[in-house]
Amino acid sequence: MKYIIKNREPVSLTKYRNTTPNASYTGYPAKNDVRNGLLDEQEYICAYCMQRISADYNKTVKKPKTEIEHYRSQHRHSTLALDYKNMLGVCNGNADKPSHKLICDKAKSEYDKTHDLTINPQDILRVNQIKYSAQGEIFTSIESIDYDLDTILNLNEDNLKQDRANLYRNIRRKIKGFWAKAKGNRATVKKMVESELNQWIIKNADGKFRELTGVALYLLYKEQKKLQT
């Protein structure tokens with residue numbers, strides 16, 4: 001999970017909410033404005049699993065490849081249905097992959113009437129509590145957050161875990177290579193780590209973050225901290 005900084009809401013949403021009697025999310029006609037805004041601020045990665053999302057159409061589920069998720073569910077928080085700060089861009093949640101278990105908002109929907117998430121991609125303190133293991137597991141030291149990650153959002157789904165484990169190994173291998181290339185020179189390794197960090201922090205030429213970026217950032221920041229001691 002990567003920290004999300006919300007931008008200003010689309011003009012069409014503000015106008016609709018302020019000028020339409022009995023305005024509702026269902027009746028809001030310009031949802032693509034919200035979707036495009038979410039893609040822009042999240043740099044084309046899912047708010048929960050960090051896999052690629054886009055404006056393309058998924059023919060299998062007959063939906064865009066970016067769905068609009070209400071962080072606080074409309075069932076429990078109807079007054080937030082048209083609050084842009086309550087909206088996140090998420091993937092199709094494996095709904096197009098019958099052999100995979102549902103993740104992200106598709107898994108969360110089962111709990112929308114009973115449970116509010118503790119983990120919040122808009123809360124930097126919460127995001128910074130997230131860790132990743134070499135086996136690709138996402139976890140924290142806080143039971144309520146682990147329940148959100150593991151049960152509500154199902155972010156330790158086997159295929160997703162394997163993808164994170166692969167990236168974890170690649171980043172660890174790259175860090176090990178930095179030390180070998182620098183022949184143990186800490187100052188040189190620090191520069192290499194910072195350079196690699198920039199490639200994950202800064203969006204690509206096409207305006208997108210790399211997938212699963214939180215895993216790489218976790219390991220690179222951890223290495224950077226070690227080099228500062």
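These are my notebook entries on three helices and a few single residues in this predicted model.

**Entry 1: helix α6**

I began with α6, which covers residues 158-181, and checked its length against its residue count. At 1.5 Å a residue, its 24 residues should span 34 Å, and since the C-alpha atoms at its two ends are 34 Å apart, the expected and the computed span agree.

I then looked up which residues of α6 are buried, and the list came out as L160, R164, A165, L167, Y168, I171, I175 and F178. As a reminder to myself, residues three or four places apart point the same way, because an α-helix has 3.6 residues a turn. Next I asked what these buried residues of α6 pack against, and I found two strands, β5 (131-132) and β6 (138-139), together with the helices α7 (186-201) and α8 (213-227). Just after α6, I noted that K183 takes a positive phi of about 55 degrees.

**Entry 2: helix pairs**

For each pair I looked up the two quantities by which packed helices are described, namely the angle between their axes and the distance between the axes.

For α6 and α7, the angle is about 145 degrees and the axes are 8 Å apart, and the crossing is right-handed. On the α6 side the contact is made by L167, I171, K174, F178, W179 and K181, and on the α7 side by R186, V189, M192, V193, E196 and W200. Sorted by class, this contact of α6 with α7 holds 8 nonpolar and 4 charged residues, with no polar ones.

For α6 and α8, the axes come within 9 Å and cross at roughly 30 degrees; an angle under 35 degrees counts as roughly parallel, and I therefore recorded α6 and α8 as roughly parallel to each other. This crossing is also right-handed. The contact draws R164, L167, Y168, I171, R172, I175 and W179 from α6, and V215, A216, L219, L220, E223 and L227 from α8. By class, I read off 10 nonpolar and 3 charged residues for α6 with α8, and again no polar ones.

For α7 and α8, the packing angle is about 155 degrees, with the axes 10 Å apart; an angle over 145 degrees counts as roughly antiparallel, and I therefore recorded α7 and α8 as roughly antiparallel to each other. Here α7 passes α8 in a left-handed crossing. The residues in contact are R186, V189, K190, V193, E194, E196, L197, W200 and I201 of α7, and T213, A216, L217, L220, Y221, E223, Q224, K226 and L227 of α8. They divide into 10 nonpolar, 2 polar and 6 charged.

**Entry 3: positive phi in loops**

I looked up two residues with positive phi. N22 has a phi of about 55 degrees although it is not a glycine, and it is found in the loop between α1 (11-19) and α2 (31-42). Its relative accessibility is 77%, so N22 counts as exposed. K62, also not a glycine, has a positive phi near 60 degrees, and lies in the loop between β1 (57-58) and β2 (63-64). At 64% relative accessibility, K62 counts as exposed.

**Entry 4: K222**

Is K222 buried, exposed or partly exposed? K222, which is found in helix α8, has a relative accessible area of 45% and is therefore partly exposed. I also looked up its separation from H77, and the two are 145 residues apart in sequence and 37 Å apart in space, C-alpha to C-alpha.

Technical notes: Residues are numbered from 1 along each chain as its sequence is written. This is a predicted model: local features need pLDDT of at least 70, side-chain atom pairs count only at pLDDT 80 or more; totals for chains, interfaces and linings use all residues. Side-chain values use heavy atoms; hydrogens and water are left out. Helices (H or I, at least four residues) and strands (E, at least two) are DSSP runs, numbered from the N terminus. The expected span of a helix is 1.5 Å times one less than its number of residues. Buried means under 20% relative accessible area, exposed over 50%, partly exposed in between (1.4 Å probe, protein chains only). Contact means heavy atoms within 4.5 Å. Axes are lines fitted to C-alpha atoms, for helices over the stretch in contact, and angles run from 0 to 180 degrees between N-to-C directions. Angles under 35 degrees count as roughly parallel, over 145 as roughly antiparallel, 65 to 115 as roughly perpendicular and the rest as oblique. A crossing is left-handed if the near helix is turned anticlockwise from the far one by less than a right angle, and right-handed if clockwise. Ala, Val, Leu, Ile, Met, Phe, Trp, Tyr, Cys and Pro count as nonpolar, Asp, Glu, Lys and Arg as charged, and the others, Gly among them, as polar.
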